[in-house]
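User: Hi! I have a two-chain model open on my screen and would love to talk it through with you. Could you help me read it?

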Amino acid sequence: MAEMGEVALDPTIGWLILAAFSVLWVAIGWWLGRGHGELEDFMLAGRKVGLALGTATAMATWVTSNTTMAAPQVALQLGLWGMVGYSLGSVGLLLFAPLARRIRELMPHGFTSGDFVRMRYGPTAWRLFLLISLFYALGWLISMGMAGGVLIHALTGIRYEIGMSVIVSICVAYTLLGGLRAVIGTDFVQTLIIILGVSLLAWLAIGRVGFEDMHEAVLRERPELLNLLMPAAIMFLFNNLLFGLGEIFHSNVWWSRAFAFREGVGFPAYLTAGLLWIPIPIVAGFVALVVPALDLNVPAADMVGPMVAAKLLGSAGAVLVFIVVFAALASSLDSLLAATSDLLLTDVYQGHLRPDATPEQLSRAARWVVVGLGVFTWALCMPRLGTLAELLYFTGAFVASTIWPIAAGLFWPRANAAGAVGGMLFGTLLGLAAYFWIGFYVAALVSAFVSMVIVWGAARIRPGAFRWSDLDPERTSRPSEEAIA
Amino acid sequence: MTASPDLLRVVVLVATIAATLAPLLLAVLFVRDARRGRLW
(Lines give C-alpha, C1' and ligand atoms only; values in the text may rest on other atoms or scores of the structure.)
Protein backbone atom coordinates (compact mmCIF):
# COMPACT_ATOMS: atom_id res chain seq x y z
CA MET A 1 0.00 0.00 0.00
CA ALA A 2 2.86 2.33 -0.75
CA GLU A 3 0.62 4.54 -2.89
CA MET A 4 -1.72 5.12 -0.04
CA GLY A 5 1.12 5.86 2.33
CA GLU A 6 1.82 9.19 0.62
CA VAL A 7 -1.69 10.47 1.13
CA ALA A 8 -2.94 8.58 4.14
CA LEU A 9 -4.57 10.55 6.89
CA ASP A 10 -2.72 11.13 10.07
CA PRO A 11 -4.10 8.53 12.51
CA THR A 12 -4.98 11.36 14.88
CA ILE A 13 -7.23 12.95 12.25
CA GLY A 14 -8.74 9.55 11.59
CA TRP A 15 -9.53 9.08 15.25
CA LEU A 16 -10.98 12.61 15.48
CA ILE A 17 -13.35 11.96 12.56
CA LEU A 18 -14.32 8.60 13.95
CA ALA A 19 -14.96 10.11 17.37
CA ALA A 20 -16.94 13.08 16.04
CA PHE A 21 -19.29 11.02 13.89
CA SER A 22 -19.59 8.27 16.47
CA VAL A 23 -20.71 10.84 19.03
CA LEU A 24 -23.16 12.31 16.51
CA TRP A 25 -24.76 8.94 15.66
CA VAL A 26 -24.99 7.85 19.28
CA ALA A 27 -26.43 11.23 20.33
CA ILE A 28 -29.10 11.05 17.60
CA GLY A 29 -29.87 7.48 18.60
CA TRP A 30 -30.21 8.38 22.25
CA TRP A 31 -32.31 11.47 21.52
CA LEU A 32 -34.72 9.66 19.20
CA GLY A 33 -34.97 6.68 21.51
CA ARG A 34 -36.07 8.67 24.58
CA GLY A 35 -39.48 7.66 25.88
CA HIS A 36 -39.95 4.96 23.25
CA GLY A 37 -39.17 1.82 25.19
CA GLU A 38 -42.14 -0.26 24.03
CA LEU A 39 -41.38 -3.26 21.83
CA GLU A 40 -43.31 -1.94 18.83
CA ASP A 41 -41.56 1.42 19.10
CA PHE A 42 -38.16 -0.23 19.39
CA MET A 43 -38.71 -2.65 16.51
CA LEU A 44 -40.90 -0.61 14.17
CA ALA A 45 -40.59 3.06 15.19
CA GLY A 46 -44.27 3.19 16.15
CA ARG A 47 -45.41 2.30 12.57
CA LYS A 48 -45.76 5.99 11.63
CA VAL A 49 -42.64 6.81 9.64
CA GLY A 50 -43.33 9.55 7.06
CA LEU A 51 -42.31 9.86 3.40
CA ALA A 52 -39.10 11.89 3.83
CA LEU A 53 -37.57 9.65 6.47
CA GLY A 54 -38.98 6.57 4.74
CA THR A 55 -37.38 7.46 1.42
CA ALA A 56 -34.07 8.36 3.02
CA THR A 57 -33.84 5.19 5.08
CA ALA A 58 -34.63 2.97 2.09
CA MET A 59 -32.03 4.78 0.05
CA ALA A 60 -29.33 4.95 2.73
CA THR A 61 -29.71 1.29 3.59
CA TRP A 62 -29.31 0.29 -0.04
CA VAL A 63 -26.25 2.52 -0.44
CA THR A 64 -23.69 0.49 1.38
CA SER A 65 -20.23 -0.94 0.90
CA ASN A 66 -21.73 -2.13 -2.43
CA THR A 67 -21.91 1.31 -3.86
CA THR A 68 -19.11 3.16 -2.15
CA MET A 69 -16.35 0.57 -2.32
CA ALA A 70 -17.47 -2.44 -4.34
CA ALA A 71 -19.03 -0.40 -7.20
CA PRO A 72 -15.65 1.10 -8.16
CA GLN A 73 -14.21 -2.39 -7.77
CA VAL A 74 -16.76 -3.84 -10.19
CA ALA A 75 -16.30 -0.92 -12.60
CA LEU A 76 -12.56 -1.65 -12.60
CA GLN A 77 -13.24 -5.31 -13.38
CA LEU A 78 -16.25 -5.07 -15.72
CA GLY A 79 -16.10 -1.51 -17.02
CA LEU A 80 -19.07 0.50 -18.21
CA TRP A 81 -21.53 -2.37 -17.90
CA GLY A 82 -20.30 -2.95 -14.37
CA MET A 83 -21.43 0.54 -13.38
CA VAL A 84 -24.74 0.30 -15.19
CA GLY A 85 -25.26 -3.22 -13.86
CA TYR A 86 -24.83 -1.96 -10.35
CA SER A 87 -27.41 0.73 -10.88
CA LEU A 88 -29.91 -1.98 -11.84
CA GLY A 89 -29.83 -2.88 -8.16
CA SER A 90 -32.38 -0.08 -7.90
CA VAL A 91 -34.95 -2.30 -9.64
CA GLY A 92 -35.25 -4.18 -6.37
CA LEU A 93 -36.31 -1.01 -4.57
CA LEU A 94 -38.67 0.01 -7.37
CA LEU A 95 -40.38 -3.37 -7.53
CA PHE A 96 -40.62 -3.60 -3.78
CA ALA A 97 -42.86 -0.50 -3.81
CA PRO A 98 -46.05 -2.40 -4.72
CA LEU A 99 -45.00 -5.24 -2.43
CA ALA A 100 -44.61 -2.81 0.48
CA ARG A 101 -48.15 -1.57 -0.08
CA ARG A 102 -49.46 -5.13 -0.31
CA ILE A 103 -47.57 -6.19 2.83
CA ARG A 104 -49.00 -3.27 4.82
CA GLU A 105 -52.52 -4.08 3.59
CA LEU A 106 -52.34 -7.81 4.29
CA MET A 107 -50.40 -7.61 7.56
CA PRO A 108 -51.00 -4.25 9.25
CA HIS A 109 -49.73 -5.69 12.53
CA GLY A 110 -46.92 -7.87 11.16
CA PHE A 111 -43.38 -7.75 12.50
CA THR A 112 -41.07 -9.67 10.19
CA SER A 113 -40.74 -11.30 6.78
CA GLY A 114 -40.58 -14.58 8.69
CA ASP A 115 -44.14 -13.95 9.93
CA PHE A 116 -45.32 -13.90 6.35
CA VAL A 117 -43.49 -17.04 5.19
CA ARG A 118 -44.64 -18.96 8.28
CA MET A 119 -48.30 -18.09 7.79
CA ARG A 120 -48.24 -18.31 4.03
CA TYR A 121 -46.27 -21.53 3.53
CA GLY A 122 -45.99 -23.24 6.92
CA PRO A 123 -43.13 -24.25 9.20
CA THR A 124 -40.80 -26.06 6.75
CA ALA A 125 -40.66 -23.16 4.32
CA TRP A 126 -40.39 -20.78 7.28
CA ARG A 127 -37.33 -22.53 8.71
CA LEU A 128 -35.62 -22.83 5.33
CA PHE A 129 -36.36 -19.16 4.72
CA LEU A 130 -34.90 -18.25 8.11
CA LEU A 131 -31.69 -20.13 7.31
CA ILE A 132 -31.33 -18.31 3.99
CA SER A 133 -32.25 -14.96 5.45
CA LEU A 134 -29.95 -15.23 8.45
CA PHE A 135 -27.06 -16.48 6.31
CA TYR A 136 -27.49 -13.56 3.94
CA ALA A 137 -27.79 -11.10 6.81
CA LEU A 138 -24.56 -12.35 8.31
CA GLY A 139 -22.81 -12.18 4.94
CA TRP A 140 -23.92 -8.59 4.54
CA LEU A 141 -23.00 -7.68 8.09
CA ILE A 142 -19.54 -9.19 7.69
CA SER A 143 -18.96 -7.46 4.35
CA MET A 144 -19.78 -4.11 5.94
CA GLY A 145 -17.78 -4.67 9.08
CA MET A 146 -14.83 -5.72 6.92
CA ALA A 147 -15.28 -2.71 4.66
CA GLY A 148 -15.10 -0.45 7.69
CA GLY A 149 -11.89 -2.04 8.90
CA VAL A 150 -10.32 -1.98 5.43
CA LEU A 151 -11.16 1.67 4.87
CA ILE A 152 -9.89 2.88 8.21
CA HIS A 153 -6.68 0.93 7.83
CA ALA A 154 -6.07 2.14 4.29
CA LEU A 155 -6.74 5.77 5.03
CA THR A 156 -5.31 6.18 8.50
CA GLY A 157 -3.06 3.23 9.18
CA ILE A 158 -5.21 2.30 12.17
CA ARG A 159 -5.18 -1.46 12.41
CA TYR A 160 -8.00 -3.31 10.61
CA GLU A 161 -9.14 -5.04 13.79
CA ILE A 162 -9.42 -1.78 15.72
CA GLY A 163 -11.23 0.19 13.01
CA MET A 164 -13.68 -2.62 12.36
CA SER A 165 -14.34 -2.95 16.10
CA VAL A 166 -15.09 0.77 16.40
CA ILE A 167 -17.61 0.80 13.54
CA VAL A 168 -19.45 -2.31 14.69
CA SER A 169 -19.62 -1.18 18.31
CA ILE A 170 -20.87 2.32 17.45
CA CYS A 171 -23.69 0.90 15.33
CA VAL A 172 -24.62 -1.52 18.09
CA ALA A 173 -24.61 1.34 20.60
CA TYR A 174 -27.05 3.63 18.86
CA THR A 175 -29.27 0.81 17.62
CA LEU A 176 -29.46 -0.34 21.20
CA LEU A 177 -30.36 3.14 22.43
CA GLY A 178 -33.03 4.02 19.92
CA GLY A 179 -34.04 0.90 17.98
CA LEU A 180 -35.45 1.44 14.48
CA ARG A 181 -36.24 5.09 15.27
CA ALA A 182 -32.51 5.74 15.80
CA VAL A 183 -31.65 3.77 12.68
CA ILE A 184 -34.05 5.76 10.51
CA GLY A 185 -33.12 9.11 12.04
CA THR A 186 -29.39 8.60 11.47
CA ASP A 187 -30.15 7.25 7.99
CA PHE A 188 -31.52 10.62 6.92
CA VAL A 189 -28.32 12.47 7.86
CA GLN A 190 -26.17 9.69 6.44
CA THR A 191 -28.05 9.77 3.12
CA LEU A 192 -27.29 13.45 2.66
CA ILE A 193 -23.62 12.92 3.51
CA ILE A 194 -23.27 9.97 1.13
CA ILE A 195 -24.92 11.59 -1.88
CA LEU A 196 -23.17 14.92 -1.47
CA GLY A 197 -19.82 13.15 -0.98
CA VAL A 198 -19.99 10.88 -4.03
CA SER A 199 -21.34 13.70 -6.18
CA LEU A 200 -18.50 15.99 -5.15
CA LEU A 201 -15.92 13.32 -5.92
CA ALA A 202 -17.47 12.66 -9.34
CA TRP A 203 -17.51 16.36 -10.25
CA LEU A 204 -13.85 16.60 -9.20
CA ALA A 205 -12.89 13.58 -11.31
CA ILE A 206 -14.76 15.03 -14.30
CA GLY A 207 -13.14 18.43 -13.82
CA ARG A 208 -9.58 17.23 -13.20
CA VAL A 209 -9.35 14.42 -15.75
CA GLY A 210 -12.07 15.07 -18.34
CA PHE A 211 -13.90 12.51 -20.47
CA GLU A 212 -11.57 12.66 -23.46
CA ASP A 213 -8.41 11.92 -21.44
CA MET A 214 -10.22 9.36 -19.35
CA HIS A 215 -11.54 7.55 -22.43
CA GLU A 216 -8.17 7.65 -24.15
CA ALA A 217 -6.30 6.26 -21.13
CA VAL A 218 -8.82 3.45 -20.57
CA LEU A 219 -8.76 2.56 -24.26
CA ARG A 220 -4.97 2.40 -24.17
CA GLU A 221 -4.48 0.45 -20.95
CA ARG A 222 -7.77 -1.37 -20.22
CA PRO A 223 -9.79 -1.42 -23.49
CA GLU A 224 -11.97 -4.27 -22.25
CA LEU A 225 -13.59 -1.86 -19.77
CA LEU A 226 -15.20 0.02 -22.64
CA ASN A 227 -16.32 -3.13 -24.46
CA LEU A 228 -20.11 -2.97 -24.71
CA LEU A 229 -20.28 -6.65 -25.60
CA MET A 230 -18.17 -8.06 -22.77
CA PRO A 231 -20.10 -11.31 -22.01
CA ALA A 232 -19.22 -11.46 -18.32
CA ALA A 233 -20.29 -7.84 -17.86
CA ILE A 234 -23.63 -8.37 -19.57
CA MET A 235 -24.29 -11.47 -17.44
CA PHE A 236 -23.33 -9.42 -14.41
CA LEU A 237 -25.88 -6.78 -15.36
CA PHE A 238 -28.79 -9.22 -15.29
CA ASN A 239 -27.36 -11.14 -12.38
CA ASN A 240 -27.14 -7.98 -10.32
CA LEU A 241 -30.70 -7.09 -11.14
CA LEU A 242 -31.90 -10.44 -9.83
CA PHE A 243 -29.52 -10.35 -6.89
CA GLY A 244 -30.95 -6.99 -5.88
CA LEU A 245 -34.49 -8.30 -6.24
CA GLY A 246 -33.69 -11.31 -4.09
CA GLU A 247 -31.94 -9.25 -1.46
CA ILE A 248 -34.81 -6.82 -1.09
CA PHE A 249 -37.79 -9.12 -1.55
CA HIS A 250 -36.77 -11.54 1.19
CA SER A 251 -34.83 -9.43 3.67
CA ASN A 252 -36.42 -8.29 6.86
CA VAL A 253 -34.52 -5.02 6.48
CA TRP A 254 -37.11 -4.01 3.86
CA TRP A 255 -40.09 -5.80 5.34
CA SER A 256 -39.58 -4.15 8.72
CA ARG A 257 -39.68 -0.78 6.96
CA ALA A 258 -42.87 -1.75 5.12
CA PHE A 259 -44.38 -2.47 8.54
CA ALA A 260 -42.89 0.69 10.07
CA PHE A 261 -43.96 3.20 7.42
CA ARG A 262 -47.15 5.17 7.95
CA GLU A 263 -50.12 3.87 5.96
CA GLY A 264 -49.82 4.95 2.32
CA VAL A 265 -46.11 5.76 2.59
CA GLY A 266 -44.56 2.41 1.59
CA PHE A 267 -45.25 2.66 -2.13
CA PRO A 268 -44.07 6.25 -2.75
CA ALA A 269 -41.12 5.88 -0.35
CA TYR A 270 -39.69 2.81 -2.08
CA LEU A 271 -40.43 4.19 -5.54
CA THR A 272 -38.70 7.51 -4.81
CA ALA A 273 -35.78 5.78 -3.10
CA GLY A 274 -35.34 3.50 -6.12
CA LEU A 275 -35.35 6.40 -8.56
CA LEU A 276 -32.89 8.40 -6.47
CA TRP A 277 -30.66 5.36 -6.09
CA ILE A 278 -30.24 4.65 -9.83
CA PRO A 279 -27.39 7.14 -10.43
CA ILE A 280 -25.46 6.45 -7.22
CA PRO A 281 -23.53 3.31 -8.32
CA ILE A 282 -22.61 5.02 -11.60
CA VAL A 283 -21.38 8.11 -9.81
CA ALA A 284 -19.49 6.06 -7.21
CA GLY A 285 -18.21 3.46 -9.68
CA PHE A 286 -17.17 5.78 -12.47
CA VAL A 287 -14.15 6.99 -10.50
CA ALA A 288 -12.55 3.62 -11.23
CA LEU A 289 -12.37 4.55 -14.91
CA VAL A 290 -10.03 7.43 -14.10
CA VAL A 291 -7.44 4.99 -12.69
CA PRO A 292 -5.53 4.61 -15.99
CA ALA A 293 -5.54 8.39 -16.58
CA LEU A 294 -4.21 9.02 -13.08
CA ASP A 295 -1.60 6.30 -13.54
CA LEU A 296 -2.55 4.67 -10.28
CA ASN A 297 -1.32 1.27 -9.26
CA VAL A 298 -4.20 -0.35 -7.38
CA PRO A 299 -2.93 -3.06 -5.03
CA ALA A 300 -6.39 -4.31 -3.99
CA ALA A 301 -9.49 -3.93 -6.14
CA ASP A 302 -11.69 -2.83 -3.25
CA MET A 303 -9.39 0.14 -2.58
CA VAL A 304 -10.09 1.89 -5.89
CA GLY A 305 -12.48 4.51 -4.52
CA PRO A 306 -10.32 5.71 -1.62
CA MET A 307 -7.20 5.76 -3.79
CA VAL A 308 -8.75 7.86 -6.54
CA ALA A 309 -10.17 10.29 -3.97
CA ALA A 310 -6.82 10.58 -2.26
CA LYS A 311 -5.07 11.16 -5.59
CA LEU A 312 -7.53 13.87 -6.64
CA LEU A 313 -7.89 15.66 -3.35
CA GLY A 314 -4.93 14.64 -1.23
CA SER A 315 -5.76 14.51 2.46
CA ALA A 316 -9.11 16.21 1.89
CA GLY A 317 -10.04 13.37 -0.48
CA ALA A 318 -9.10 10.82 2.11
CA VAL A 319 -11.23 12.65 4.68
CA LEU A 320 -14.16 12.87 2.25
CA VAL A 321 -14.13 9.18 1.37
CA PHE A 322 -13.63 8.28 4.98
CA ILE A 323 -16.74 10.21 6.03
CA VAL A 324 -18.86 9.00 3.11
CA VAL A 325 -18.01 5.35 3.55
CA PHE A 326 -18.37 5.58 7.31
CA ALA A 327 -21.88 6.99 6.78
CA ALA A 328 -22.71 4.36 4.14
CA LEU A 329 -21.50 1.51 6.29
CA ALA A 330 -23.25 2.76 9.40
CA SER A 331 -26.53 3.33 7.55
CA SER A 332 -26.60 -0.26 6.35
CA LEU A 333 -24.99 -1.91 9.33
CA ASP A 334 -27.48 -0.39 11.77
CA SER A 335 -30.45 -1.31 9.56
CA LEU A 336 -29.28 -4.86 9.23
CA LEU A 337 -28.52 -5.14 12.92
CA ALA A 338 -32.01 -3.93 13.80
CA ALA A 339 -33.86 -6.02 11.21
CA THR A 340 -31.87 -9.21 11.82
CA SER A 341 -32.35 -8.78 15.53
CA ASP A 342 -36.11 -8.54 14.91
CA LEU A 343 -35.95 -11.77 12.95
CA LEU A 344 -33.94 -13.49 15.67
CA LEU A 345 -36.25 -12.18 18.36
CA THR A 346 -39.60 -12.89 16.72
CA ASP A 347 -38.89 -15.95 14.61
CA VAL A 348 -36.15 -17.70 16.56
CA TYR A 349 -36.50 -16.65 20.20
CA GLN A 350 -40.28 -16.26 20.37
CA GLY A 351 -41.10 -18.57 17.49
CA HIS A 352 -38.96 -21.50 18.59
CA LEU A 353 -37.75 -20.97 22.15
CA ARG A 354 -40.24 -18.86 24.12
CA PRO A 355 -43.67 -18.81 22.41
CA ASP A 356 -45.25 -17.57 25.65
CA ALA A 357 -42.82 -14.67 26.23
CA THR A 358 -44.52 -11.51 27.51
CA PRO A 359 -44.07 -8.14 25.74
CA GLU A 360 -41.80 -7.05 28.62
CA GLN A 361 -39.62 -10.14 28.25
CA LEU A 362 -39.46 -9.60 24.49
CA SER A 363 -38.57 -5.96 24.97
CA ARG A 364 -35.65 -6.91 27.21
CA ALA A 365 -34.61 -9.75 24.93
CA ALA A 366 -34.63 -7.38 21.93
CA ARG A 367 -31.75 -5.40 23.44
CA TRP A 368 -29.76 -8.52 24.27
CA VAL A 369 -30.26 -9.84 20.75
CA VAL A 370 -28.84 -6.60 19.28
CA VAL A 371 -25.77 -6.89 21.53
CA GLY A 372 -25.33 -10.59 20.83
CA LEU A 373 -25.60 -10.13 17.09
CA GLY A 374 -23.11 -7.28 17.22
CA VAL A 375 -20.59 -9.41 19.11
CA PHE A 376 -21.11 -12.33 16.72
CA THR A 377 -20.60 -10.08 13.69
CA TRP A 378 -17.47 -8.63 15.23
CA ALA A 379 -16.04 -12.10 15.84
CA LEU A 380 -16.70 -13.15 12.22
CA CYS A 381 -15.15 -9.94 10.88
CA MET A 382 -11.87 -10.43 12.70
CA PRO A 383 -10.31 -12.61 9.99
CA ARG A 384 -10.50 -10.77 6.65
CA LEU A 385 -12.15 -13.42 4.51
CA GLY A 386 -11.93 -12.16 0.92
CA THR A 387 -12.72 -9.15 -1.22
CA LEU A 388 -16.02 -7.41 -0.56
CA ALA A 389 -17.65 -8.26 -3.87
CA GLU A 390 -16.71 -11.94 -3.62
CA LEU A 391 -18.32 -12.25 -0.23
CA LEU A 392 -21.38 -10.35 -1.27
CA TYR A 393 -21.98 -12.31 -4.47
CA PHE A 394 -21.61 -15.62 -2.73
CA THR A 395 -24.94 -14.91 -1.04
CA GLY A 396 -26.59 -14.19 -4.41
CA ALA A 397 -27.48 -17.82 -4.97
CA PHE A 398 -29.29 -17.93 -1.65
CA VAL A 399 -31.35 -14.76 -1.83
CA ALA A 400 -32.36 -15.02 -5.50
CA SER A 401 -34.11 -18.31 -4.70
CA THR A 402 -36.57 -16.41 -2.48
CA ILE A 403 -37.78 -13.94 -5.15
CA TRP A 404 -40.58 -16.11 -6.53
CA PRO A 405 -41.77 -17.69 -3.28
CA ILE A 406 -42.15 -14.15 -1.87
CA ALA A 407 -43.61 -12.40 -4.91
CA ALA A 408 -45.97 -15.24 -5.82
CA GLY A 409 -46.86 -15.73 -2.18
CA LEU A 410 -48.01 -12.14 -1.86
CA PHE A 411 -50.16 -11.99 -5.00
CA TRP A 412 -50.94 -15.51 -6.21
CA PRO A 413 -53.15 -17.74 -4.04
CA ARG A 414 -52.19 -20.81 -6.09
CA ALA A 415 -48.55 -20.68 -5.00
CA ASN A 416 -48.05 -23.50 -2.51
CA ALA A 417 -45.67 -24.63 0.21
CA ALA A 418 -44.05 -27.41 -1.85
CA GLY A 419 -43.15 -24.93 -4.57
CA ALA A 420 -41.76 -22.46 -2.06
CA VAL A 421 -39.63 -25.07 -0.29
CA GLY A 422 -38.45 -26.68 -3.54
CA GLY A 423 -37.79 -23.30 -5.14
CA MET A 424 -35.67 -22.05 -2.26
CA LEU A 425 -33.80 -25.33 -1.81
CA PHE A 426 -33.00 -26.24 -5.40
CA GLY A 427 -32.63 -22.63 -6.49
CA THR A 428 -29.93 -22.17 -3.86
CA LEU A 429 -28.14 -25.44 -4.63
CA LEU A 430 -28.02 -24.94 -8.39
CA GLY A 431 -27.17 -21.27 -7.96
CA LEU A 432 -24.20 -22.28 -5.81
CA ALA A 433 -23.16 -24.84 -8.40
CA ALA A 434 -23.22 -22.07 -11.03
CA TYR A 435 -21.21 -19.81 -8.73
CA PHE A 436 -18.40 -22.35 -8.45
CA TRP A 437 -18.51 -23.83 -11.97
CA ILE A 438 -19.19 -20.70 -14.03
CA GLY A 439 -18.66 -17.55 -11.99
CA PHE A 440 -20.11 -15.19 -9.40
CA TYR A 441 -21.95 -13.27 -12.10
CA VAL A 442 -24.44 -16.07 -12.84
CA ALA A 443 -25.26 -17.41 -9.36
CA ALA A 444 -28.36 -15.27 -8.80
CA LEU A 445 -29.48 -15.73 -12.39
CA VAL A 446 -29.51 -19.53 -12.16
CA SER A 447 -30.98 -19.54 -8.67
CA ALA A 448 -33.90 -17.25 -9.58
CA PHE A 449 -34.66 -19.18 -12.77
CA VAL A 450 -34.71 -22.58 -11.05
CA SER A 451 -36.84 -21.22 -8.24
CA MET A 452 -39.30 -19.66 -10.68
CA VAL A 453 -39.75 -22.92 -12.59
CA ILE A 454 -40.34 -24.90 -9.39
CA VAL A 455 -42.77 -22.38 -7.82
CA TRP A 456 -44.72 -22.15 -11.06
CA GLY A 457 -44.61 -25.91 -11.73
CA ALA A 458 -45.75 -26.83 -8.23
CA ALA A 459 -48.68 -24.43 -8.48
CA ARG A 460 -49.68 -25.96 -11.81
CA ILE A 461 -49.47 -29.54 -10.54
CA ARG A 462 -51.23 -28.94 -7.24
CA PRO A 463 -52.72 -25.43 -7.08
CA GLY A 464 -53.03 -23.93 -3.64
CA ALA A 465 -56.07 -21.94 -2.53
CA PHE A 466 -54.66 -19.57 0.04
CA ARG A 467 -57.05 -17.24 1.85
CA TRP A 468 -55.50 -13.82 2.35
CA SER A 469 -57.48 -13.44 5.54
CA ASP A 470 -55.23 -16.12 7.04
CA LEU A 471 -52.59 -13.40 7.28
CA ASP A 472 -54.79 -12.07 10.05
CA PRO A 473 -53.24 -9.49 12.37
CA GLU A 474 -54.17 -11.47 15.46
CA ARG A 475 -52.18 -14.42 14.25
CA THR A 476 -49.45 -12.31 12.75
CA SER A 477 -48.35 -10.73 15.99
CA ARG A 478 -47.73 -14.05 17.76
CA PRO A 479 -46.62 -17.35 16.24
CA SER A 480 -49.49 -19.78 16.64
CA GLU A 481 -49.10 -23.19 18.18
CA GLU A 482 -49.85 -25.17 15.07
CA ALA A 483 -47.50 -23.11 12.96
CA ILE A 484 -44.48 -23.92 15.07
CA ALA A 485 -45.45 -27.45 16.02
CA MET B 1 -18.01 -2.73 -29.86
CA THR B 2 -16.36 0.04 -27.87
CA ALA B 3 -18.11 2.78 -25.92
CA SER B 4 -17.41 6.21 -27.35
CA PRO B 5 -16.30 9.19 -25.26
CA ASP B 6 -19.73 10.73 -25.86
CA LEU B 7 -21.54 7.71 -24.46
CA LEU B 8 -19.32 7.78 -21.41
CA ARG B 9 -19.93 11.50 -21.03
CA VAL B 10 -23.73 11.19 -21.27
CA VAL B 11 -24.02 8.26 -18.86
CA VAL B 12 -21.77 9.81 -16.21
CA LEU B 13 -23.06 13.39 -16.52
CA VAL B 14 -26.73 12.43 -16.33
CA ALA B 15 -26.04 10.25 -13.28
CA THR B 16 -23.96 12.91 -11.57
CA ILE B 17 -26.52 15.67 -12.11
CA ALA B 18 -29.32 13.41 -10.83
CA ALA B 19 -27.29 12.45 -7.76
CA THR B 20 -26.49 16.08 -7.05
CA LEU B 21 -30.18 17.00 -7.07
CA ALA B 22 -31.28 14.12 -4.83
CA PRO B 23 -30.44 15.80 -1.50
CA LEU B 24 -32.57 18.79 -2.50
CA LEU B 25 -35.59 16.56 -3.07
CA LEU B 26 -35.07 14.85 0.27
CA ALA B 27 -34.81 18.21 2.01
CA VAL B 28 -38.08 19.37 0.42
CA LEU B 29 -39.84 16.18 1.50
CA PHE B 30 -38.46 16.58 5.01
CA VAL B 31 -39.72 20.16 5.36
CA ARG B 32 -43.13 19.18 3.96
CA ASP B 33 -43.48 16.25 6.40
CA ALA B 34 -42.28 18.37 9.32
CA ARG B 35 -44.83 21.11 8.57
CA ARG B 36 -47.64 18.55 8.46
CA GLY B 37 -46.43 16.83 11.62
CA ARG B 38 -45.91 13.59 9.69
CA LEU B 39 -42.19 12.95 10.14
CA TRP B 40 -42.89 10.08 12.54
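**Salt bridges, interface and fold**

Analyst: Happy to help! A good place to begin is a network of salt bridges that links A:Glu212, B:Asp6 and B:Arg9. Please keep in mind that this is a predicted model.

User: Within that network, which residue of chain A does B:Arg9 form a salt bridge with, and how far apart are the closest N and O atoms?

Analyst: A salt bridge here needs a side-chain nitrogen of Lys or Arg within 4 Å of a carboxyl oxygen of Asp or Glu. The count between chain A and chain B is one salt bridge. B:Arg9 makes it, with a closest N to O separation of 3.0 Å, and its partner is A:Glu212.

User: How many residues of chain A are in contact with chain B, and which element gives the most to that side?

Analyst: In chain A, 42 residues are in contact with 29 residues of chain B. The two chains also have eight residue pairs in polar contact. The elements of chain A that give two or more residues to this side are α4 (51–62), α5 (65–87), α9 (160–209), α10 (211–221), α13 (266–277) and α14 (279–285). With 12 residues, the one that gives the most is α9(A).

User: What area is buried between the two chains, and which residues of chain A lose the most?

Analyst: About 3200 Å² is buried between chain A and chain B, and carbon and sulfur atoms give 80% of that. On the side of chain A, three residues lose the most area to chain B, together 18% of what that side buries. They are A:Trp203, A:Phe211 and A:His215.

User: By class, how many nonpolar, polar and charged residues does the side of chain A that touches chain B have?

Analyst: A:Trp203 and A:Phe211 are among the residues that lose the most area there, and Trp and Phe both count as nonpolar. A:Glu212, which pairs with B:Arg9, belongs to a type that counts as charged. For the whole side, the tally is 30 nonpolar, eight polar and four charged residues.

User: Stepping back to the fold, how many helices and strands does chain A have, and why is it described as compact?

Analyst: Chain A has 25 helices and zero strands. Its radius of gyration is close to the 23 Å that the globule rule gives for 485 residues, so chain A is as compact as a globular protein of that length; the value itself is 22 Å.

User: How much of chain A is buried, and what share of its contacts join residues at least 24 apart?

Analyst: The C-alpha atoms of chain A fill a box of roughly 65 × 50 × 40 Å along the principal axes. Of its 485 residues, 66% are buried. Among contacts between residues at least 6 apart in sequence, the share that join residues at least 24 apart is 87%.

User: Where is A:Pro359, and how far is it from A:Glu40 in space?

Analyst: A:Pro359 lies in helix α18 of chain A, which covers residues 359–381. Its relative accessible area is 43%, so A:Pro359 is partly exposed. A:Pro359 and A:Glu40 are 319 residues apart in sequence, yet their C-alpha to C-alpha distance is 9.3 Å.

User: Is A:Asp295 buried or exposed?

Analyst: A:Asp295 sits in the loop between α15 (291–294) and α16 (304–313) of chain A. Exposed means over 50% relative accessible area. A:Asp295 has 63%, so it counts as exposed.

User: What is the phi of A:Ala45, and what is that of A:Arg47?

Analyst: Both residues are in the loop between α3 and α4 of chain A. A:Ala45 counts as buried at 1% relative accessibility, and A:Arg47 counts as buried at 8%. Neither residue is a glycine, yet phi is positive in each: near 50 degrees for A:Ala45 and about 60 degrees for A:Arg47.

User: Which residue does A:Glu224 form a salt bridge with?

Analyst: Side chains of opposite charge can pair when their charged atoms come close. A:Glu224 is partly exposed at 34% relative accessibility, and its partner is partly exposed with a relative accessible area of 27%. The closest N and O atoms of this pair are 2.8 Å apart, and the partner is A:Arg222.

User: And how many salt bridges are there over all chains?

Analyst: Among them is the pair A:Arg220 and A:Glu221, with the closest N and O atoms 3.7 Å apart. Another one joins A:Asp470 to A:Arg467 at 3.1 Å. Over all chains, the count comes to 12 salt bridges.

Technical notes:
Residues numbered from 1 in each chain as written. Chains lettered and ligands numbered in written order. Predicted model: local features only at pLDDT ≥ 70, side-chain atom pairs only at ≥ 80, totals over all residues. Heavy atoms only, no water. Helix = DSSP H or I, 4+ residues; strand = E, 2+ residues; numbered from the N terminus. Buried < 20%, exposed > 50% of the residue type's maximum accessible area, 1.4 Å probe, protein only. Contact = heavy atoms within 4.5 Å. Buried area = accessible area lost by both parts, 1.4 Å probe. Polar contact = N/O pair within 3.5 Å; in protein donor to acceptor, adjacent residues only side chain to side chain. Rg over C-alpha atoms; globule rule 2.2 N^0.38 Å.
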